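User: Hey, can you walk me through this structure? I'd like to start with the strands and then look at pockets.

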Amino acid sequence: MKKIFTTLAIVLITAKVFSQGCVAIRSTGGICAMTEHPDSSLTSDGGSWVLNINTRYFMSNKHFKGDVYQKERIKAGNEVINHQFATDLSLIRVFNSRWSAMIDVPIISNARSSKYEHNAPPNLNDERHSMHSFGLGDIRVAAYRWLFNPATSPKANVQVGLGIKFATGVYDYKDYWQNVGPGKKPELRTVDQSIQLGDGGTGLTLEINSFANIKNNLGLYANAFYLSNPRQNNGVRTYRELVSPALANEAISSVPDQFMARLGANYALNKLVVSAGGRIEGIPIHDVIGGSGDFRRPGYVISVEPSLTYQLSKINIYASVPAAVYRKRTQSVTDRARSTATTFVNGDAAFADYSVNLGISFRL
């Protein structure tokens, strides 16, 4: 049973890094980490440290308006292609059987290839170019508590976490846009919102993690995460008004909320634990606190999420591959403002088919 509990901790830690292409879900958005199983043998005089290193990669190039796949973009060769790598370094302090705390530090590397950003009037052309970003993302700290005493509730429990996300990642990262300056010269501008290292807002996070034991080697897990960003915009210019005058109300980047929820099961086979479940993650149209205008690409992804964990005495190695089964780019506030009785406006976004998570966790 301890094996199932430990695996729940690792499987939920793999949720740390999530992003789906142009829907700019930051790497700190999904830290739903069940911070070690609720070990009733720990007392106020004892505890442990856990170091987790998780790397995630995906490539997004499938454009959607609403939930309609814009397959013509691939055929025309004008799709946006994002490659995103993120490595999260998380240090967790388990104080006792009920309380723990965590700090998460993301390192991010992004590349974005497109045509339209390098094809601004009056220097029209049909060339594809890339932009890049690399560096520290938004750091987050959080505190966790198991609601029920593990000594009296060993087969099921619920953990609640509260945290703060700091605006440590650069949110006005710049690279060269090609063919946009006088004489088709390159010009240094802020990169697209989807590959910025941070969002520029200080946010509050709420997490709920839970597990239930069905049999000795079978367990269920569920968790939910919400990041509230009260700041409406970060003042960063998007240059979208130069792509089209109709996009004038999207000239400044929004600082959106984020959400994620997961549900699944674990089955232990000696040192190997097999997990399978589903997850939904995305950016809402409206923030819980603060304004929701300016430029954002709201939307969500529903995925199936298989994973494997191999357990040693103090080390766990894990891998998971969430695969999208439903993607939707919802209308933003500015999309709705531009819509009329005869014209429905819904911006598009590029999504990934799947992502690859690899990680290792050490109990120190």
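User: In what sense do β18 and β20 pair, and over how many bridges?

Analyst: Bear in mind that this is a predicted model. In it, β18 and β20 pair in the antiparallel sense, over six bridges.

User: Which residue in β20 does Ile-315 stand opposite?

Analyst: Phe-362 in β20 stands opposite Ile-315.

User: And how many bridges are there between β17 and β18?

Analyst: Five, and the pairing is antiparallel. β17 covers residues 307-311. These two strands form a hairpin, with three residues between them. As one example of a pair, Tyr-310 has Ile-317 in β18 as its bridge partner.

User: Which side chains along β18 are buried?

Analyst: The side chains alternate along that strand, residues 315-320. Asn-316, Tyr-318 and Ser-320 point to one face and are buried. Ile-315, Ile-317 and Ala-319 point to the other face and are not buried.

User: OK, switching to pockets. What volume does the largest pocket have?

Analyst: About 440 Å³. It has 23 lining residues, and the closest to its centre are Arg-73, Tyr-116, Arg-240, Gly-347 and Asp-348.

User: Which elements give two or more residues to that lining?

Analyst: Those are β1 (48-65), α2 (72-76), α3 (240-243), α4 (333-338) and β20 (348-363). So you meet β20 again here, after its pairing with β18.

User: What is the lining of the largest pocket like by class?

Analyst: There are 11 charged residues, seven nonpolar and five polar.

Technical notes: Residues are numbered from 1 along each chain as its sequence is written. This is a predicted model: local features need pLDDT of at least 70, side-chain atom pairs count only at pLDDT 80 or more; totals for chains, interfaces and linings use all residues. Side-chain values use heavy atoms; hydrogens and water are left out. On a 1 Å grid over the protein atoms alone, a cavity is a set of points where a 1.4 Å probe fits but cannot get out, and a pocket is an open set with protein on both sides within 12 Å along at least five of seven lines; lining residues have an atom within 4 Å of a point. Grid points are joined across faces, edges and corners, and a volume is the space filled by probe spheres set on the points. Helices (H or I, at least four residues) and strands (E, at least two) are DSSP runs, numbered from the N terminus. Ala, Val, Leu, Ile, Met, Phe, Trp, Tyr, Cys and Pro count as nonpolar, Asp, Glu, Lys and Arg as charged, and the others, Gly among them, as polar. Buried means under 20% relative accessible area, exposed over 50%, partly exposed in between (1.4 Å probe, protein chains only). Two strands pair if DSSP finds at least two bridges between them.
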